[in-house]
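Got the viewer open and ready? Let's take a walk through this model, one selection at a time.

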Amino acid sequence: MPEGTSASNFIREIVAADHAAGKHEGRVVTRFPPEPNGYLHIGHAKSICLNFGLATEYAGGVCHLRFDDTNPTTEDPEYVESIQEDVRWLGFDWGNHLYFASDYFEQLYSFAERLIKTGSAYVDSLTADEMRHYRGTLTEPGKNSPCRTRTVDENLDLFRRMRAGEFADGTHVLRAKIDMASPNINLRDPVLYRIRHTAHYRSGRTWPIYPSYDFAHPFSDAIEGVTHSVCTLEFDDHRPLYDWVVERAGTADRPQQIEFARLNISQAVMSKRKLLELVESKQVAGWDDPRLPTLKGLRRRGYTPEAIRTFCEHIGVSKRDAVVEMQLLEHFIREDLNKRAARVMAVLKPLKVVIDNYPEQGSEELEAVNNPEDASAGTRSIPFSRTLFIEREDFLEDPPKGFFRLAPGREVRLRYAYIIKCVGVTKDPQSGEVTELHCTYDPQTKSGGPDARRKVKATIHWVSAVHALEAEVRLYNPLLKADLADMPSDQDWTAYLNPQSLERLTGCLVEPSLKSASPGSRFQFERLGYFCVDPEATPDLPVFNRTVSLKDAWARLDKRQPSN
RNA sequence: UGGGGGAUCGUCUAGCGGUAGGACGCCAGCCUUUGGAGCUGGCUACCUAGGUUCGAUUCCUAGUCCCCCAGCCA
């Protein structure tokens with residue numbers, strides 16, 4: 001269990017005040033109540049961290065994981081499973097408090113009968129269309145349905161027959177009898193039960209009728225002994241209805257609904273509907289596509305649960321509609337990976353370098369530190385030889401002012417190795433493209449050696465040509481354009497997909513130590529960024545996913561003034 | 001238009017009558033045998049107008065703007 005968070009927010013204050021006042025006999029019970037109709041994304045992480053975080057701040061506090069599975073048409077066991085995996089992956093534990101609203105169907109049903117018997121609910125036989133007209137509008141009050149005056153016996157009979165499966169979908173609903181003239185539309189006799197002759201992924205075909213969210217949710221909270229029911233802003237004006245149900249549920253203790261603003265992140269698709277659409281239309285490889293802000297996608301991209309939790313702590317909780325910048329998320333994963341990721345050398349776009357004065361068949365092992373910020377990470381040895389590859393971008397035949405890396409006649413340090421000097425450039429006679437560099441090395445400048453302190457203006461990375469491992473590297477940028485508004489009406493996703501959102505580089509070369517890198521492990525390719533070994537990659541070719549978008553690592557270094 | 005919610009640096013967020021703070025970002029400089037790391041300094045905010053008060057981001061009044069609600073979705 002991750003350590004509790006300390007940053008204050010208004011919900012924490014409410015819970016603290018209730019706890020201090022001895023409300024709910026000092027219990028703190030929260031819940032995370034997803035509908036199993038999709039995969040969890042970073043937005044859910046905020047709710048998970050909040051709810052589980054709240055509970056763990058109090059002795060005996062618990063957070064339930066409850067599946068709000070009251071709509072058989074959208075739900076699937078695949079989602080139930082993935083949601084549990086993701087909550088665990090994030091680092092939270094619901095103990096034995098795993099619940100399903102569908103387990104309450106029987107209780108919900110008798111509760112509904114009780115409401116009918118007390119005259120608080122009735123069966124309405126209007127069509128959906130008629131009901132809409134009777135409901136009125138935002139500015140006009142609704143009218144009572146002709147069915148509203150049905151007797152208790154009539155209602156009971158009808159409702160029992162609904163349960164028995166006698167009626168077709170859409171022919172009847174059970175409604176709460178509240179107030180058709182209420183300025184709050186949610187109180188204009190909301191639907192409690194609807195007929196759906198659809199198999200439910202858990203209860204199968206035992207029920208032809210299903211309770212609505214507004215009925216099942218408060219009831220579930222109440223019977224589970226939830227004390228603080230934290231939900232998002234759009235349920236704010238459902239609260240009177242929530243209270244209406246809770247009051248009639250008649251439990252000794254009553255839960256309190258508290259609303260907060262859901263998380264939006266710039267340049268990320270956070271709507272379940274759109275994510276589903278992307279997955280089903282095969283615009284992305286699946287729910288775990290690393291371009292997606294799903295927890296599975298982020299994991300595959302190399303995000304750590306710790307970084308996501310830290311992010312969630314830092315964005316705060318409020319009631320304002322907010323859009324958090326992607327850079328903030330990226331900041332926390334960088335901060336985390338900076339501490340834990342081992343540094344390795346890799347070359348994404350190779351340029352061959354021959355060290356002319358190095359022994360023809362010679363090679364040697366050089367010692368490299370795994371993490372300069374963490375001595376306990378130890379060292380590894382990397383092979384050096386006469387033929388190497390360096391990053392293509394680290395050489396310029398005609399360097400502009402301010403470029404301090406390799407160029408004809410220039411010296412540069414090879415990280416962990418020697419200072420080399422470029423003495424020759426081979427070009428393709430046709431295209432004029434540089435194909436090979438000839439360099440000499442200065443044996444005295446070996447890292448740790450006698451002249452190792454000699455200053456050169458840049459240090460570049462490299463891999464030994466004969467030893468290097470070929471790999472595939474996937475570079476990811478945020479999935480969608482920043483100005484994403486609504487789903488395009490023509491469903492033309494290509495217009496919305498950022499063409500640079502996924503770039504595959506094959507023929508990349510990484511140092512041989514990565515041969516045994518385990519899936520999911522994270523590295524910093526020096527100066528190229530943080531990468532994660534794709535957990536889903538095939539074994540024949542190592543695949544690395546870039547964790548965060550890149551800034552120009554050389555900009556600052558190259559910009560510095562030549563000192564000598 | 002009825003109801004509900006909300007407005008503080010570019011972005012999140014703190015403040016609860018007493019000099020508006022933090023984080024991200026950005027800018028400048030330093031450092032570096034990786035840097036996107038590290039160090040130093042800097043940047044910009046209380047929606048508007050009245051009122052109460054010695055003093056208002058905070059309390060009151062009136063506006064303005066934004067979001068949500070007219071599913072038998074959640």
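Start by selecting F531, which sits in strand β24, residues 529-533. Keep in mind that you're looking at a predicted model. Is F531 buried or exposed? Its relative accessibility is 0%, and buried means under 20%, so F531 counts as buried.

Now show what surrounds F531. Leaving aside residues up to four places away in sequence, F531 touches V473, L475, S521, R522, F523, F525, F544, N545, R546 and T547. Next, add H97 to your selection and draw a line between the two C-alpha atoms. F531 and H97 are 434 residues apart along the chain, and their C-alpha atoms are separated by 36 Å.

**Zoom out**

Time for the whole of chain A. In cartoon view there are 13 helices and 25 strands to find. Turn the chain around and you'll see a C-alpha trace that spans about 100 × 55 × 40 Å along its principal axes. The radius of gyration is 31 Å, whereas a compact globule of 564 residues would have one near 24 Å.

Switch on the surface if you like: the accessible surface of chain A comes to about 25400 Å², and carbon and sulfur atoms account for 48% of that. Of the 564 residues, 52% are buried. If you display contacts with a separation of 6 or more, 72% of them come from residues 24 or more positions apart.

Colouring by charge gives you 72 positive and 82 negative side chains, with the centres of the two sets 3 Å apart.

**Helix α8**

Select residues 239-249, which make up helix α8. Which residues of this helix are buried? They are L241, Y242, W244, V245, V246 and A249. While they're highlighted, look at what they pack against: helices α4 (105-117) and α7 (213-224), plus strands β5 (173-176), β8 (228-232) and β9 (256-260). Then step just past the helix to G250, where phi is positive, near 70°.

**Follow the rings**

Now show the aromatic side chains. The structure holds 22 aromatic pairs. For a close look at one of them, pick Y418 and Y441, an edge-to-face pair with 4.7 Å from centre to centre and 75° between the planes. This pair links distant parts of the chain, 23 residues apart: Y418 is in the loop between β16 (411-414) and β17 (419-427), and Y441 is in strand β18, residues 434-442. Y418 is buried, at a relative accessible area of 4%, and Y441 also counts as buried, at 13%.

For a bigger group, select F105, Y109, F111, F159, Y193, W207, Y210, F215 and F219 together. Ring pairs link these residues into a cluster.

**Two backbone stops**

Stay with the loop between β16 and β17 a little longer, and select Y416 there. What is the phi of Y416? It is near 70°, a positive value in a residue other than glycine. With a relative accessible area of 8%, Y416 is buried.

For the last stop, go to H24, in the loop between α1 (10-20) and β1 (29-32). Here phi is near 55°, again positive in a residue other than glycine. H24 is buried too, with a relative accessible area of 6%.

Methods: Residues are numbered from 1 along each chain as its sequence is written. Chains are lettered from A and ligands numbered from 1 in the order in which they are written. This is a predicted model: local features need pLDDT of at least 70, side-chain atom pairs count only at pLDDT 80 or more; totals for chains, interfaces and linings use all residues. Side-chain values use heavy atoms; hydrogens and water are left out. Helices (H or I, at least four residues) and strands (E, at least two) are DSSP runs, numbered from the N terminus. The radius of gyration is taken over C-alpha atoms; the globule rule is 2.2 Å times the number of residues to the power 0.38. Buried means under 20% relative accessible area, exposed over 50%, partly exposed in between (1.4 Å probe, protein chains only). Contact means heavy atoms within 4.5 Å. Accessible areas come from the Shrake-Rupley method with a 1.4 Å probe; for residues, only the protein chains shown count as cover. Lys and Arg count as positive and Asp and Glu as negative; His and the chain ends are not counted. The place of a charge is taken as NZ of Lys, CZ of Arg, CG of Asp or CD of Glu. Rings of Phe, Tyr and Trp (its six-membered ring) pair if their centres lie within 6.5 Å; planes under 30 degrees apart count as stacked, over 60 as edge-to-face and the rest as tilted.
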